[in-house]
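Let's take a friendly walk through a protein model together. Please have the sequence and the 3D view ready, and look for each residue as we come to it.

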Amino acid sequence: MKVIGITGGVGCGKTRLLHYLEKNYKCRILLADRAALLLQQPGGLCHEPVTALLGREILQPDGRIDRELMAAKIFQDHALLASVNAIVHPAVKEYILLQIRQEKQKGEHDFFFLEAALLIEEGYEQIVDEMWYVYADENVRRKRLKDDRQYSDSKTDSIFRAQLPEETYRAHCDFVIDNSGDITYAYEQIDKKMGEYLWKK
């Protein structure tokens, strides 16, 4: 089973391409963001440490962490954000490693795709066999964010400033999917690459 990491800036279309992969190939898809949410649920590895750090006032009546209250608290305090990340990121990485081991033992899939915004920053290159970068032209990404998510220009600007430059993505990734145009062109690039793997297998 080949383990492939997928990354790219916001608005590049990763989600749609992952749906295509899941539908057309024998693969397991794992989203690091969803793993982080799972681990912060009551009973999850990160729930108590995060609650202890931020205070019980961030909890909803049912014991779940209120995402909006948490965000309001940590995004205005860089030290607090770093402390939360120090709890969550290592736990997510351990969870991902466990999932990869389990999938290899089952032997049911040809591929394991890991999608993470911080794939490069968090050193996931050491975990995956190969890294893919989903590229889309900046103007295309801006239009998608405005049309699909109703993001303002200022919100998009601030997100773009916080993300890695294109050159860094390209320098760290083994394969680039151009998703600037028609989605079928992106699918064709994926099919060609996946065909190479399956042929070698």
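Which residue lies over the face of tyrosine 151? Find that ring in the model, which is a predicted one, and you will meet lysine 155, at 4.2 Å from the ring centre. A second arrangement of this kind can be found elsewhere: lysine 93 lies over the face of tyrosine 124, and here the distance to the ring centre is 5.0 Å.

While we are looking at rings, let's see how they pair with one another. The whole structure contains seven aromatic pairs. One of them joins tyrosine 133 and tyrosine 135: the ring centres are 6.3 Å apart and the planes meet at 65°, so this pair is edge-to-face. Both partners are hidden from the surface, as tyrosine 133 is buried with a relative accessible area of 4%, and tyrosine 135 is buried with 15%. Ring pairs also build a cluster, whose members are Phe111, Phe113, Trp132, Phe175 and Tyr197.

Next, let's turn to the inside. In soluble globular proteins, nonpolar side chains tend to be buried together. The largest nonpolar core of this model has 35 residues. If you want to find the residues with the most contacts inside this core, pick out Val50, Leu54, Val92, Ile96 and Leu114. Several elements each supply at least two of the core residues: the helices α2 (32–39), α3 (47–54), α4 (67–74) and α5 (78–106), along with the strands β3 (111–115) and β4 (130–135). Helix α5 gives the most, with eight residues.

To see how one core residue meets its surroundings, zoom in on leucine 54. Leaving aside residues up to four places away in sequence, leucine 54 touches Met70, Lys73, Ile74, Leu80 and Val84. Apart from this core lies another one, of 23 residues, and among them are Cys12, Trp132, Val134 and Ile190.

A good place to continue is threonine 7, which lies in strand β1 (residues 2–7). Is threonine 7 buried or exposed? With a relative accessible area of 0%, threonine 7 is buried. Its contacts, again not counting residues up to four places away in sequence, are Lys14, Ala116, Ala117, Leu119, Trp132, Tyr133, Val134, Tyr169 and Cys173. Notice how the chain brings distant parts of the sequence together: threonine 7 and methionine 131 are 124 residues apart in sequence, but their C-alpha atoms are 7.7 Å apart in space.

What about the cysteines? The structure holds zero disulfides. Cysteine 27 is in no disulfide, and the nearest cysteine sulfur, that of cysteine 12, is 17 Å away. Cysteine 27 counts as buried, at 7% relative accessibility. Why does cysteine 173 form no bond with cysteine 12? The sulfur of cysteine 12 is the closest cysteine sulfur to that of cysteine 173, but at 11 Å it is too far for a bond. Cysteine 173 also counts as buried, at 10% relative accessibility.

Our last stop is the charged side chains, which form ten salt bridges in this model. Begin with helix α6 (residues 138–149), where glutamate 138 and arginine 142 sit four residues apart, about one turn of the helix. Their side chains meet in a salt bridge, at 3.1 Å from N to O. Glutamate 138 is partly exposed, with a relative accessible area of 40%, and arginine 142 counts as partly exposed at 25%.

Arginine 142 has another partner: aspartate 157 forms a salt bridge with arginine 142, and the closest N and O atoms are 2.8 Å apart. Aspartate 157 lies in helix α7 (residues 153–162) and arginine 142 in helix α6, so this pair ties together parts that are 15 residues apart in sequence. Aspartate 157 counts as partly exposed, at 29% relative accessibility.

Helix α6 also holds aspartate 147 and lysine 143, four residues apart, about one turn of the helix. The side chains of these two meet in a salt bridge of 2.6 Å, N to O. Here aspartate 147 is partly exposed, with a relative accessible area of 42%, whereas lysine 143 counts as exposed at 53%. To finish, look for Arg28, Glu103 and Lys106, which salt bridges link in a network.

Conventions
Residues numbered from 1 in each chain as written. Predicted model: local features only at pLDDT ≥ 70, side-chain atom pairs only at ≥ 80, totals over all residues. Heavy atoms only, no water. Core = buried A, V, L, I, M, F, W, Y, C linked by side-chain atoms within 4.5 Å. Buried < 20%, exposed > 50% of the residue type's maximum accessible area, 1.4 Å probe, protein only. Contact = heavy atoms within 4.5 Å. Disulfide = S-S within 2.5 Å. Phe/Tyr/Trp six-rings, centres within 6.5 Å; stacked < 30°, edge-to-face > 60°. Lys NZ or Arg CZ within 6 Å of the ring centre and 35° of its normal. Salt bridge = Lys/Arg side-chain N within 4 Å of Asp/Glu carboxyl O.
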